[in-house]
Amino acid sequence: MTRRELSLDDIESLAVGAWVLGTGGGGNPYLPLLNMRLLYKQGHRVELMEASDLADDDWVGTVANMGAPLVGQERLTDSLTLARAVTVMERHIGQRFAALMSMEIGGANGVRPFMAAAHLELPVVDSDTMGRAYPELQMTSVAVGGLAGDPVSLVDVRGFESIVHKVPSWKWAERIGRKIVTEYGSVAATCQPPRTGAEVKRWGIHGTTTKAIAIGAAVREAQRRHDDPVEAILSVEPGKLLYKGKAVDVARRATEGFLRGIARFDGLDEFKGSQLTINFQNEWIVAWRDGAPLAMTPDLICVLDSVSGEAVGSETIRYGQRVTVIALPPTPIFLTPKGLEHVGPRAFGYDLDFRSVFSA
Amino acid sequence: MRRIGIDVGGTNTDAVLIEEGRVVRAVKAPTSEDVTTGILDSLQSLGSTGVLAGRKIDGVMIGTTHFINAVVQRRSLTRVAALRLGMPASASLPPFCDWPEDLAALVRGGVWMVEGGHEYDGRPFMPLDEAAVIGAAEEMKAAGLASVGISAIFSPLDPSHERRAAELVAQVIPEADITCSSDLGRIGLLERENAGLLNAALADLARDTIAAFEKAIADSGVDAPLFITQNDGTVAEAGQARRLPVYSFASGATNSMRGAAYLSGLSDAMVIDVGGTTTDVGQLKHGFPREANSVVKVGGVRTLFRMPDLLSIGLGGGSHVQLDPLKVGPVSVGYRLLKQGIAFGGTQLTTTDIAVASGVLDLGDRKKVAQLDAATCRKVFGEAARMAEEAIDRMKTEAGDVPLIAVGGGAFLIPEKLAGVSQVIHVEHGDCANAVGAAIAQVSGECDQIFKDLSRAEALSAAQGIANDRAVAAGAARASLTTIESEDMPLAYLPGNSVRVRVRVVGDVAPG
């Protein structure tokens with residue numbers, strides 16, 4: 001069994017790369033990163049393992065926070081609470097986990113499993129269930145695979161512990177879970193439905209932590225050398241440059257607990273005179289260039305700060321910000337008819353047939 | 001209205017007298033080691049021109065980099081006790097956790113975390129543990145700490161726990177300087193707390209500096225109240241600046257943009273401030289610089305200060321010029337221009353030499369740069385113009401041509417015509433734009449908080465009321481208040497039509 005101990009430098013890169021894979025949502029990984037710096041200072045270490053090294057009957061805990069990123073900015077992310085979400089689930093199912101994994105590699109949840117793992121001394125599987133960030137629980141590879149959407153444990157730093165024990169579907173897990181999270185004060189540490197090693201091997205999206213670390217390392221190295229950080233990302237990932245411009249308008253509205261809206265950009269450099277608009281629901285969903293669809297979910301639409309190469313979130317993008325937009329390819333699981341049903345443009349209310357920027 | 005504006009810069013201390021909307025006199029004096037002397041010198045030199053004789057001065061407005069330099073250079077800082085109200089949340093990231101080690105070692109006097117704080121909707125998160133606050137205060141006292149930074153979860157929404165804790169600490173340590181994070185505004189516990197801790201660390205320096213400024217004014221014979229300019233182009237009364245020195249961190253750049261607006265009469269325009277080494281490009285909206293929205297680091301510490309959004313490029317009056325291949329900047333001779341520039345007998349070709357050779361500037365010895373022909377000069381000016389155009393285009397937030405105000409000592413590098421610019425405006429006294437900006441500063445009030453279950457109009461109006469009250473508390477005349485920023489943002493995942501509203505108002509200083 002090969003396991004790799006992550007260095008703190010790997011985790012610094014992971015935070016940058018996970019934010020890029022957040023595609024506008026998922027929350028900035030800065031606070032989880034700070035936790036990891038302190039945990040490493042205290043002597044904790046975390047290990048990464050391959051899904052293929054899991055035994056079929058191993059149990060794997062999937063760790064994520066649910067709630068409003070804004071509340072996290074005030075309560076801060078607490079590593080022991082994440083660990084408790086895992087132990088509460090272990091108690092509930094009467095099994096010990098052999099490893100942990102990410103629900104979503106994109107955004108702050110890409111780093112959070114490591115915070116729990118540091119306390120529990122469990123390895124983290126180099127796989128997740130989104131390959132990016134998405135706003136809802138049914139938008140995962142395991143939901144596409146038809147695996148069970150229960151039980152879910154939800155805990156709060158004050159000691160609350162809840163279990164969503166039985167629900168008929170992932171959408172119900174999302175609805176009931178969201179209610180509990182709201183009562184907690186709109187943030188909860190959760191352990192998502194437990195998976196067997198066989199399920200992770202079959203339905204996990206593999207190598208995503210490694211991918212996030214590689215993206216982050218490329219950006220950070222380019223920043224150090226004053227090279228173009230966006231080019232650096234495209235040198236390590238088979239992505240595609242879509243646009244360069246600056247934000248000229250951002251209209252946001254909160255509906256059904258999500259941040260929806262439209263960001264508009266005016267072109268710069270070789271894109272001068274061309275307009276880009278991106279619809280978002282927490283994450284960037286569909287990008288239109290001069291009125292025609294240019295890129296859409298499940299392709300990853302990544303809006304990056306043109307100077308630093310770091311990701312720009314839909315919650316924080318502001319008027320005048322200079323950005324470069326790239327697309328990254330999604331997991332093939334989402335390109336199947338069932339996959340597109342869960343995360344294609346129609347799942348977000350856009351009457352568009354999915355067309356990949358990578359198929360042209 | 002008659003005001004004196006002073007900008008204490010790295011090289012010069014500039015002072016201007018403004019009377020009924022006109023710059024009457026501008027003077028420059030070298031900045032002194034002890035700050036006071038430079039201010040006294042500039043006030044005396046202004047006085048020696050006779051313009052102050054027998055006149056009532058309404059205010060002396062000083063812009064200074066004193067406080068930010070103290071943090072950057074790690075000097076004159078006070079040790080601080082950090083008290084956070086938010087347990088059991090946030091425990092894994094205690095106060096000072098993201099500070100650079102050297103700065104934390106100087107400032108961190110101790111950390112206490114007790115139960116308290118609120119939810120996003122105003123419900124208490126935990127009741128305030130008053131006994132633990134008193135216990136913490138007693139330990140602070142025993143440790144000899146008299147500067148305290150207090151923070152609480154969601155205190156911008158409900159500051160009551162911070163205020164109560166401040167009362168309790170003051171009962172134990174009556175002489176304590178206490179900073180509550182809610183006085184510094186925004187959502188984001190760590191960044192707000194950091195701002196509060198930096199503020200507390202400046203407590204002694206602020207008291208001494210403001211006293212020195214007041215003494216310099218008194219010694220100069222000027223009888224006028226002192227105001228300190230702030231990052232957002234407004235001023236605070238001396239008393240408030242003493243209490244919240246962090247708000248005066250970055251006033252230099254703001255003052256020059258505000259000065260540009262004033263001297264040109266434009267309130268919406270791009271501004272290019274060309275100094276000796278760098279050029280700052282920013283945008284005026286309603287007469288104020290557009291603010292950066294993102295996290296601003298001060299001395300390595302993440303904060304959420306109100307700072308102008310500026311793009312700096314390496315272009316200035318002292319920039320090195322290389323002719324083949326053509327390159328201007330980013331290296332500069334800086335303040336050594338008068339020694340190293342060719343027109344002044346030195347060996348380094350600079351943009352100023354080009355301006356002298358082409359007759360744009362009358363400085364140094366034109367004969368020394370006679371070998372620079374007109375075509376060469378045109379090429380260099382062309383390159384400077386191209387650099388300026390690129391920077392302006394990057395900072396513009398609207399399509400179409402916009403007016404551009406050129407200020408600063410190196411403004412001669414900006415030609416009358418530029419791509420993307422409808423009109424280039426050079427103004428008289430443009431080289432003292434920052435002192436002018438200080439002289440004309442207004443007073444502001446801000447509200448940034450979450451409202452729940454209100455209509456959008458009701459939430460905006462509630463925020464407006466709070467911002468107005470804060471401006472008046474800071475010294476503004478209520479009748480002169482105008483709203484210059486109003487932004488609302490619905491919040492993802494939060495139920496009940498939660499909306500975060502940010503409103504900023506400004507007004508003229510109320511007559512004493």
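Two strands pair here if DSSP finds at least two bridges between them. Helices (H or I, at least four residues) and strands (E, at least two) are DSSP runs, numbered from the N terminus. The model shown is predicted, with local features needing pLDDT of at least 70 and side-chain atom pairs counting only at pLDDT 80 or more, while totals for chains, interfaces and linings use all residues. Residues are numbered from 1 along each chain as its sequence is written, and chains are lettered from A and ligands numbered from 1 in the order in which they are written.

**View 1. Strand E9 of chain A between its partners E3(A) and E7(A).** Let us begin with strand E9(A), residues 187–196, which is mostly covered. Of its 10 residues, 9 are buried (20 or more other C-beta atoms within 10 Å of a residue's own, against 12 or fewer for exposed and partly exposed in between, with C-beta atoms placed from the backbone). Strand E3(A), residues 59–67, runs antiparallel to E9(A) and is joined to it by 8 bridges. To find your place along this pair, look for A:Ala64, whose bridge partner in E9(A) is A:Thr190. Strand E7(A), residues 152–155, also pairs with E9(A) in the antiparallel sense, over 3 bridges. There, A:Val155 stands opposite A:Ala189 of E9(A).

**View 2. Helices H4 and H5 of chain A where they pack.** Helix H4(A) spans residues 79–93 and helix H5(A) residues 112–120. Their axes lie 8 Å apart, at an angle of about 80° (axes are lines fitted to C-alpha atoms, for helices over the stretch in contact, and angles run from 0 to 180 degrees between N-to-C directions). That makes H4(A) roughly perpendicular to H5(A), a term for angles of 65 to 115 degrees, with under 35 counting as roughly parallel, over 145 as roughly antiparallel and the rest as oblique. From H4(A), the residues that meet H5(A) are A:Ser79, A:Leu80, A:Leu82, A:Ala83 and A:Val86 (contact means C-beta atoms, placed from the backbone, within 7 Å). H5(A) answers with A:Arg112, A:Met115, A:Ala116, A:Ala118, A:His119 and A:Leu120. By class, this contact holds 8 nonpolar residues, 2 polar and 1 charged (Ala, Val, Leu, Ile, Met, Phe, Trp, Tyr, Cys and Pro count as nonpolar, Asp, Glu, Lys and Arg as charged, and the others, Gly among them, as polar).

**View 3. The two domains of chain A and where they touch.** Domain 1 covers residues 3–206 and domain 2 residues 230–348, with bounds that come from an automatic or database domain assignment. The C-alpha centres of the two domains lie 25 Å apart. Across the boundary, 22 residues of domain 1 are in contact with 26 residues of domain 2. On the domain 1 side, helix H1(A) (8–21) and helix H6(A) (141–144) are the elements that give two or more residues. H1(A) provides the largest share of that side, 4 residues. The domain 1 side is made up of 12 nonpolar, 8 polar and 2 charged residues.

**View 4. An open parallel sheet in chain B, with strand E7(B) inside it.** Four strands follow one another in the order E6-E5-E7-E8. E6(B) (108–115) and E8(B) are the edge strands, each pairing on one side only. Neighbouring strands are turned by 20° against each other on average, direction ignored. Walking across the sheet, you meet 7 bridges joining E5(B) to E6(B), with B:Leu85 partnered by B:Val114 in E6(B). Next come 5 bridges between E5(B), residues 80–87, and E7(B), where B:Arg84 stands opposite B:Ser151. Finally, 4 bridges link E7(B) to E8(B), residues 177–180, and here B:Gly149 stands opposite B:Thr179.

**View 5. Both faces of strand E7(B) are covered.** All 6 residues of this strand, 147–152, are buried. One side carries B:Ser147, B:Gly149 and B:Ser151, and the other B:Val148, B:Ile150 and B:Ala152. Helix H6(B) lies across E5(B), E7(B) and E8(B), running at about 165° to E7(B).

**View 6. Chain B where it touches chain A.** Here 31 residues of chain B are in contact with 34 residues of chain A. Helix H6(B) (189–201) returns in this view, and together with strand E24(B) (482–490) makes up the elements giving two or more residues to the chain B side. That side has 20 nonpolar, 5 polar and 6 charged residues.

**View 7. Strand E25(B) beside strand E23(B).** E25(B), residues 499–507, is mostly covered, with 8 of its 9 residues buried. E23(B), residues 443–451, pairs with E25(B) in the antiparallel sense over 9 bridges. A handy marker is B:Asp448, whose bridge partner in E25(B) is B:Arg502.
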